[in-house]
Amino acid sequence: MKNELTQQFNSRIDAVAYCRTPYKQKFGIPRQPGLVNIKGLVELAPHVNNIDAVRGIEQYSHLWLLFCFHENLEQGWKNTVRPPRLGGNEKLGVFATRSTFRPNGIGQSVVKLHRVIQQNGKVCLEISGMDLLDGTPVIDIKPYIPFSDSIDNAAGGIAQEAPELIDVQFSPLAKTQIESYANESNSLELLSVISDVLAQDPRPAYKKAKADPKIYQVALYDIDIFWQIENGHINVIEIKPTSVC
Ligand code: SAM
């Protein structure tokens, strides 16, 4: 047996799936799963693209997705991070946070499973509630098991409570644009999804303490949403076809 524990693990990990989501850029994605009821797909990668690989999965209402923060890998990591919740003022150890800048760049999220579908020769899981960028590589998928995974009275550290929501309103222009972008029932759904995403207030905490005249942009589906803080609420100014590829 080797004495050097550090030399024992040297395994290659490949993506088993890729996540397809409406979130086209990191800014605006909820900071944890389950906060916004928005649908996405987990598409199995070619080497596991077999319906047998997900046989029985529909008996679970929720799944764990282990994934790679692929957009942040190049930026590396540090021993300490400044969690956005603390306004960027305080440092915590990387392993004491859910920072996206980690030694192995691995994240995990519980998502709701709706159904298994097969489309264009691909086995896909329809999910919702994910906090993942479109194209995120998934390195494992596991059923969520309530008796073990849900812990009553667990201490949540700096994230004991879900973030506070901010009120979201739409300008007449934005409403008209959303109505002409989607048909009647879809436009109501789109209004509600945009509202739920922005209600998370994606701005860093330090921006929330003072006047903030900046116009922000969030890319969702194939639209860019422009918004601003106005009298303590978010005002959606307008939407445009997306500029984010
Ligand atoms: N629930 C996961 C966890 O705890 O490991 C992720 C939490 S992390 C704070 C959530 C943020 O990760 C999102 O708000 C988004 O900005 C970012 N993110 C999502 N997918 C990403 C990706 N593929 N690469 C880099 N950052 C990503």
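Select asparagine 120 to begin: at 74% relative accessibility it counts as exposed, where exposed means over 50% relative accessible area, buried under 20%, and partly exposed in between (1.4 Å probe, protein chains only). Asparagine 120 sits in the loop between S6 and S7; strands (E, at least two residues) and helices (H or I, at least four) are DSSP runs numbered from the N terminus. S6 and S7 form a hairpin with two residues between the strands, and in this hairpin asparagine 120 takes a positive phi near 50°.

The model is predicted: local features need pLDDT of at least 70, side-chain atom pairs count only at pLDDT 80 or more, and totals for chains, interfaces and linings use all residues. Residues are numbered from 1 along each chain as its sequence is written, and side-chain values use heavy atoms, with hydrogens and water left out.

**The hairpin and its partner strands**

Extend the selection to both strands of the hairpin. S6 and S7 pair in the antiparallel sense over seven bridges; two strands pair if DSSP finds at least two bridges between them. To check the register, pick lysine 112, whose bridge partner in S7 is serine 128. Serine 128 in S7 also stands opposite lysine 39.

Lysine 39 leads to the next pair. Strand S2 (residues 39–44) is joined by five bridges to strand S7 (residues 122–128), and the two run antiparallel. Further along this pair, select glutamate 43 and its bridge partner in S7, cysteine 124. Colour S7 by accessibility: six of its seven residues are buried, and the strand is mostly covered.

**The barrel**

Show strands S1, S2, S7, S6, S3 and S8. They make a closed barrel of six strands in the order S1-S2-S7-S6-S3-S8, with antiparallel pairing. From one strand to the next the twist averages 45°, taken between axes that are lines fitted to C-alpha atoms, with angles running from 0 to 180 degrees between N-to-C directions.

On the S3 side, S3 is joined to S6 by seven bridges and runs antiparallel to it. Cysteine 68 stands opposite isoleucine 106 in S6. S3 is also joined to S8, by five bridges and again antiparallel. Select leucine 66 to see this pairing; its bridge partner in S8 is aspartate 140.

**The ligand**

Which residues are closest to the ligand? Of the 21 residues that surround the ligand, the closest are Gln32, His70, Arg98, Asp131 and Thr136; a residue is near the ligand if one of its heavy atoms lies within 4 Å of it. Strand S3 (62–68) and strand S6 (106–119) each supply at least two residues of this shell. S6 gives the most, with three residues.

By class, the shell has eight nonpolar, eight polar and five charged residues. Here Ala, Val, Leu, Ile, Met, Phe, Trp, Tyr, Cys and Pro count as nonpolar, Asp, Glu, Lys and Arg as charged, and the others, Gly among them, as polar.

Now label the distances to N and O atoms. An N or O atom in the side chain of arginine 98 is 2.5 Å from an oxygen atom of the ligand. A polar backbone atom of glutamine 108 is 3.0 Å from a ligand oxygen atom. A nitrogen atom of the ligand lies 3.2 Å from a backbone N or O atom of glutamate 71. The protein covers 92% of the 600 Å² of accessible area that the ligand has on its own, computed by the Shrake-Rupley method with a 1.4 Å probe.

**Three loops**

Go next to aspartate 134, in the loop between S7 and strand S8 (136–143). Aspartate 134 counts as partly exposed because its relative accessibility is 24%. Add glutamine 25: its C-alpha is 7.7 Å from that of aspartate 134, although the two are 109 residues apart in sequence.

Move to arginine 203, in the loop between helix H3 (184–198) and helix H4 (205–208). Is arginine 203 buried or exposed? At 5% relative accessibility, arginine 203 counts as buried. Its side chain and that of aspartate 201 are joined by a polar contact of 2.9 Å, meaning a pair of N or O atoms within 3.5 Å; within protein, one must be able to donate a hydrogen and the other to accept it, and residues adjacent in sequence count only if both atoms are side-chain atoms. A polar atom of the arginine 203 side chain also lies 3.5 Å from the backbone oxygen of lysine 207.

Finish at asparagine 231, in the loop between strand S11 (223–230) and strand S12 (233–241). Its phi is near 50°, a positive value in a residue other than glycine. Asparagine 231 is exposed, with a relative accessible area of 75%.
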